[in-house]
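Subject: Handover of a structure

Dear colleague,

Please find below the structure I am handing over to you. My notes on what was found in it follow directly after.

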Amino acid sequence: AAAAAAATEEPIQPPVDVKYTKLLINGNFVDAASGRTFATVDPRTGDVIAHVAEGDAEDINRAVAAARRAFDEGPWPRMTAYERCRVLLRFADLIEQHAEEIAALETWDGGKTLEQTRGMEVPMVARYMRYYAGWADKIHGLVVPADGPHHVQVLHEPIGVAGQIIPWNFPLLMFAWKVGPALACGNAVVLKTAEQTPLSALFVASLLHEAGLPEGVLNVVSGFGPTAGAALCSHMGVDKLAFTGSTGTGKIVLELAARSNLKPVTLELGGKSPFIVMDDADVDQAVELAHRALFFNQGQCCCAGSRTFVHERVYDEFVEKSKARALNRVVGDPFRRGVEQGPQIDGEQFKKILRYVQSGVDSGATLVAGGDRAGSRGFYIQPTVFADVKDEMKIAQEEIFGPVQTILKFSTVEEVVRRANDSPYGLAAGVFTQRLDAANTMARALRVGTVWVNTYDVFDAAVPFGGYKMSGVGREKGVYSLRNYLQTKAVVTPIKDAAW
Ligand code: ADP
């Protein structure tokens, strides 16, 4: 019943205008060199929101040239760290002042609920920016002892021009994770946004200039991956790359970096994260947490708890209650109050998810809830739950990136750890138990970048995030993110008079 609501409701008129649709290069909003544009689409209806300048290799050249000038000659790396800190703090204030508008834009372009963008994501962007602002004037090197009569300083310098490529599932948060540390360390940036969600980054980039960012320090190029994205990865004038997206594209990014100038690359890629429910669990709580771990953001999370492992003693009850919870999930217009799930991002993802659902049915998993589109237009999908899922099924191995929960049964800690680790991915894991020993054992044995115990999806600015195995290279957030954007230089001078 909840899912059917999406079919009948008229889309709510978004309370925001689209102000910025051009590329941001050297502090100005400009057309693409080719003059081309592409449509960005409202996932609620499939209708065009706006036509956006479509950057390609030529625009990347222009943006990198601007970033190079800003870095090599401009004031940004040369001003005091405290001044950089204050620009980022003013930016955070402006984000809060424009929170309603930013949240509405993000919801419109990406189909995320307004409650999520306004209540959580926009405030988090401001929080992240203040966190990185706080680092700006606390980055310093070391003086290290040497064997000879040498004075050795280790300097931490900005790395230069950073190329950053972000995905569509969290456009604003990915902006913050990428741009925040790069700017705090004194770098210049060329950001390539995802073609599905170009709007919010342009808006907040304009606020960053209002906050006092010098021209050319942040350039934003909207456009497609194989054109604009690949040109950025291959560019000889780019000193560092940071990418968030699929594992397949991550491999391409790394290859392009290697073939061009060996620029270092940070990668945050896919996952198939286990959420493990032990037999001592309060089943109601476990069901709710596992539900959120998977369905949050329409299931479009790299760290979605997408393999729900449940102990055999509580399995049947867990499946029944997960089914009931999924059937109760409120699907509808993301601008409407009380809606928990909006549409998927686009027609391609929508079709891909439904193909995975079919594959689940074909491989013999039990479909206990959902399984179809919700409504008759837009990209809404019913909250879907599969039980009796086996490890070798495609739905248990591949990233679905949609509202499809797969529930698997286990009997011992040793077994579930082995099965949880039997994946090319290693992004995150959830462990739900009151038993400290089991939690400790699993936290150490799981080969993943984040283990959430009795919680999930906690994203504090100070806590590192990233993947083991094919889920990524490097860490973002926290002090770890700064290392991605700093060079290390040793300066050695003789001490002439050793009489000291
Ligand atoms: P998804 O399949 O979820 O869209 P992608 O990894 O393809 O994930 O997209 C993430 C980001 O990577 C987007 O900004 C996209 O435009 C970009 N991208 C896609 N293909 C390439 C490529 N060949 N080179 C560089 N960037 C790319």
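Glu 268 is buried, because 28 other C-beta atoms lie within 10 Å of its own and 20 or more suffice for that description. Please note that the model is a predicted one. Glu 268 sits in strand S11, which covers residues 265-268. In UniProt, an unreviewed entry lists Glu 268 under "active site". Leaving aside neighbours within four places in sequence, the contacts of Glu 268 are Thr 244, Cys 302, Gly 466, Gly 467, Gly 472 and Glu 476.

The ligand is the next point. Which residues are closest to the ligand? They are Gly 225, Gly 229, Gly 245, Ser 246 and Thr 249, out of 17 residues that surround it. By type, the shell around the ligand divides into ten nonpolar, five polar and two charged residues. Helices H8 and H9 each supply at least two residues of this shell. The largest share, five residues, comes from H8.

Helix H8 runs over residues 225-234, and its buried residues are Ala 228, Gly 229, Ala 230, Ala 231, Leu 232 and Cys 233. Gly 229 is thus listed both among the buried residues of H8 and among the residues closest to the ligand. The cover over the buried part of H8 includes two helices, H2 (57-72) and H9 (247-259). It also includes the strands S7 (161-165), S8 (188-192), S9 (218-221) and S10 (240-244).

Turning to the whole chain, its secondary structure consists of 16 helices and 22 strands. Of the 500 residues, 53% are buried. Along the principal axes, the C-alpha atoms fill a box of roughly 75 × 55 × 40 Å. The radius of gyration is 24 Å, which agrees with a compact globule, because a globule of 500 residues would have a value near 23 Å. Among contacts between residues at least 6 apart in sequence, 73% join residues at least 24 apart.

UniProt, again in an unreviewed entry, lists residues 29-491 as "domain: Aldehyde dehydrogenase". This span is 41% helix and 21% strand, and its end C-alpha atoms lie 41 Å apart.

The largest nonpolar core contains 149 residues. Those with the most contacts inside this core are Ala 67, Leu 88, Met 129, Val 189, Val 190, Ile 276 and Val 277. Helix H5 (residues 114-136) contributes the largest share of this core, eleven residues. Not counting residues up to four places away in sequence, Leu 88 touches Met 129, Tyr 132, Ala 133, Ala 136, Leu 183 and Ala 184.

Two residues deserve a separate note for their backbone angles. Leu 262 has a phi near 55°, a positive value in a residue other than glycine. Leu 262 lies in the loop between H9 and S11. Is Leu 262 buried or exposed? Leu 262 is exposed, because its count is 8 other C-beta atoms within 10 Å and 12 or fewer is the limit for that description.

Asp 457 also has a positive phi near 55° and is likewise a residue other than glycine. Its place is in the loop between strand S19 (450-453) and strand S20 (468-469). Asp 457 is partly exposed, because it has 17 other C-beta atoms within 10 Å.

With kind regards

Terms used. Residues numbered from 1 in each chain as written. Predicted model: local features only at pLDDT ≥ 70, side-chain atom pairs only at ≥ 80, totals over all residues. Helix = DSSP H or I, 4+ residues; strand = E, 2+ residues; numbered from the N terminus. Contact = placed C-beta atoms within 7 Å. UniProt positions renumbered as here; feature names shortened; annotations may be inferred. Near = placed C-beta within 6 Å. Nonpolar A, V, L, I, M, F, W, Y, C, P; charged D, E, K, R; others polar. Rg over C-alpha atoms; globule rule 2.2 N^0.38 Å. Core = buried A, V, L, I, M, F, W, Y, C linked by C-beta atoms within 7 Å.
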